[in-house]
Amino acid sequence: MKLVGLAGSGDRLSVLCIGAHSDDIEIGAGATILGWIDRGVRLDMHWAVLSAYGARAAEARASAEAFLADAARSVIDLAEFKDGFFPYQGADIKSWFEALKRRTSPDVILCHSRNDAHQDHREVSMLTWNTFRDHAILEYEIPKWDGDLGQPNVFIPASRALMERKAKLLYEHFGTQRSKDWFDAQTFMGLARLRGAECRAPDGFAEAFHGRKIVVQ
C-alpha cells in the first residue's frame, strides 16, 4: 500500500487537537503527535481540552507540555465544562467552539469519533464538524469498557519506541486514572499492535482514525 504523507521533515503543519477530557488526545493520537515531531515536522499545535479542572487540569497541562516539548509552537487551551454532562451544556460548549474557531485555522484537526459511546466524546465530535466545516478532520479512538471500537479507515504507523514512550508519558502524568482497569500500557500497545497489523505498518504498530471527508490532490 502506498503511503500518503501529511508533512515531512522541515514542513510546517498546523494541527488542532480537541479532547473532551484531560487524557483523551494523548490516548487517541499521542504517538502520531510524537512521531510528527520526531520526523522533523515543524508542528504548530493548538491543544484544547474541554473538561479540565482541579487535579485533572494540572495533569492535562503537564502532559500536553511533555508531548509538545519539541513542537515548533504550542498553545494549550483548557476549559472547565462538567465531565459527563456535555450534551446538557451544548449551548455553552457551542459558544466556546465558536470562540476557538476565531483563535485558530489549522491544516488538520484531531478529535473524537462521532460513534464513540461516551456522551461527552460524541458531543465534541458533533460540534467539531459543526464548527470547522472546511477542514481535514481525523477522528481518533479511545479504548474503554463500552466496547465501541469500530473500523477506522486512516492509519498512521508508529514505531514500538514511540508507542512505549506514549504509554510511559500517560502513566507518568495521569495518576488520577491509574485505578481504571483499562488504563495501562497493555491496552494502548495492544490496540496499536492490532491497528499496525491491519495496515501492515513497518514496525507493527499504528494509531487509527476515521477520515469521513478527505480531499486528495
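In the predicted model, the lining of the second largest pocket is made up of five nonpolar, four polar and seven charged residues. This pocket has a volume of about 240 Å³, and of the 16 residues that line it, those closest to its centre are His21, His118, His121, Lys180 and Trp182. Two of the elements treated below meet here by residue number, since His21 falls within the range of strand β1 (residues 12–21) and His121 within that of helix α4 (residues 119–131).

The largest pocket encloses about 1,200 Å³ of space, and of its 38 lining residues the closest to the centre are Val4, Gly5, Leu6, Val154 and Phe155. By class, the lining of the largest pocket divides into 24 nonpolar, six polar and eight charged residues. Elements α1, β5 and β6 each supply at least two residues of this lining, and the largest share, five residues, comes from β6.

A search of the whole structure for cavities of 30 Å³ or more returns one, and the space within the largest cavity amounts to about 100 Å³. Of the 13 residues lining this cavity, Ile27, Gly28, Lys166, Leu191 and Glu207 are the closest to its centre. Two or more lining residues are given by each of α1 (24–38), α5 (160–173), α6 (185–199) and β7 (205–210), with α6 giving the most, namely four residues. The residues of the cavity lining divide into eight nonpolar, one polar and four charged.

The strands form an open sheet of seven members with mixed pairing, in the order β3-β2-β1-β4-β5-β7-β6. Strands β3 (73–78) and β6 (154–158) stand at the edges of this sheet, and because each has a single partner strand, one side of each is left without a neighbour in the sheet. From one strand to the next the twist averages 25 degrees. Within the sheet, β1 (residues 12–21) and β2 (residues 42–51) pair in the parallel sense over nine bridges, and in this pairing Gly19 stands opposite Val49 of β2. Helix α4 (residues 119–131) packs on the sheet, where it touches β1, β2, β4 (108–112) and β5 (136–140), and the direction of the helix makes about 140 degrees with that of β1.

Strand β7, which also contributes to the lining of the largest cavity, is paired on both sides in the antiparallel sense, with β5 over two bridges and with β6 over five bridges. On the β5 side, the bridge partner of Tyr140 is Phe209 of β7, whereas in the pairing with β6 the bridge partner of Pro157 is Ala206 of β7. Six of the six residues of β7 are buried, so the strand is largely enclosed by the rest of the structure. Phe205, Glu207 and Phe209 point one way from β7, while Ala206, Ala208 and His210 point the other way, and all of them are buried. Among these buried residues, Glu207 is also one of those closest to the centre of the largest cavity.

Leu110, which lies in strand β4, provides a further view of the packing around the sheet. Leu110 counts as buried because its relative accessibility is 0%, the limit for a buried residue being under 20%. With its neighbours within four places in sequence left aside, Leu110 is in contact with Val15, Leu16, Cys17, Ile18, Ala29, Ile33, Trp36, Leu138, Tyr140 and Phe209. Included in this set are Tyr140 and Phe209, the bridge partners that link β5 to β7. Leu110 and Lys82 are 28 residues apart in sequence, and their C-alpha atoms are 22 Å apart in space.

A contrasting environment is found for Gln217, located in the segment after β7. Gln217 has a relative accessible area of 99% and is therefore classed as exposed. Between the C-alpha atoms of Gln217 and Glu80, which are 137 residues apart along the chain, the separation is 39 Å.

Technical notes:
Residues are numbered from 1 along each chain as its sequence is written. This is a predicted model: local features need pLDDT of at least 70, side-chain atom pairs count only at pLDDT 80 or more; totals for chains, interfaces and linings use all residues. Side-chain values use heavy atoms; hydrogens and water are left out. Two strands pair if DSSP finds at least two bridges between them. Axes are lines fitted to C-alpha atoms, for helices over the stretch in contact, and angles run from 0 to 180 degrees between N-to-C directions. Contact means heavy atoms within 4.5 Å. On a 1 Å grid over the protein atoms alone, a cavity is a set of points where a 1.4 Å probe fits but cannot get out, and a pocket is an open set with protein on both sides within 12 Å along at least five of seven lines; lining residues have an atom within 4 Å of a point. Grid points are joined across faces, edges and corners, and a volume is the space filled by probe spheres set on the points. Ala, Val, Leu, Ile, Met, Phe, Trp, Tyr, Cys and Pro count as nonpolar, Asp, Glu, Lys and Arg as charged, and the others, Gly among them, as polar. Buried means under 20% relative accessible area, exposed over 50%, partly exposed in between (1.4 Å probe, protein chains only).
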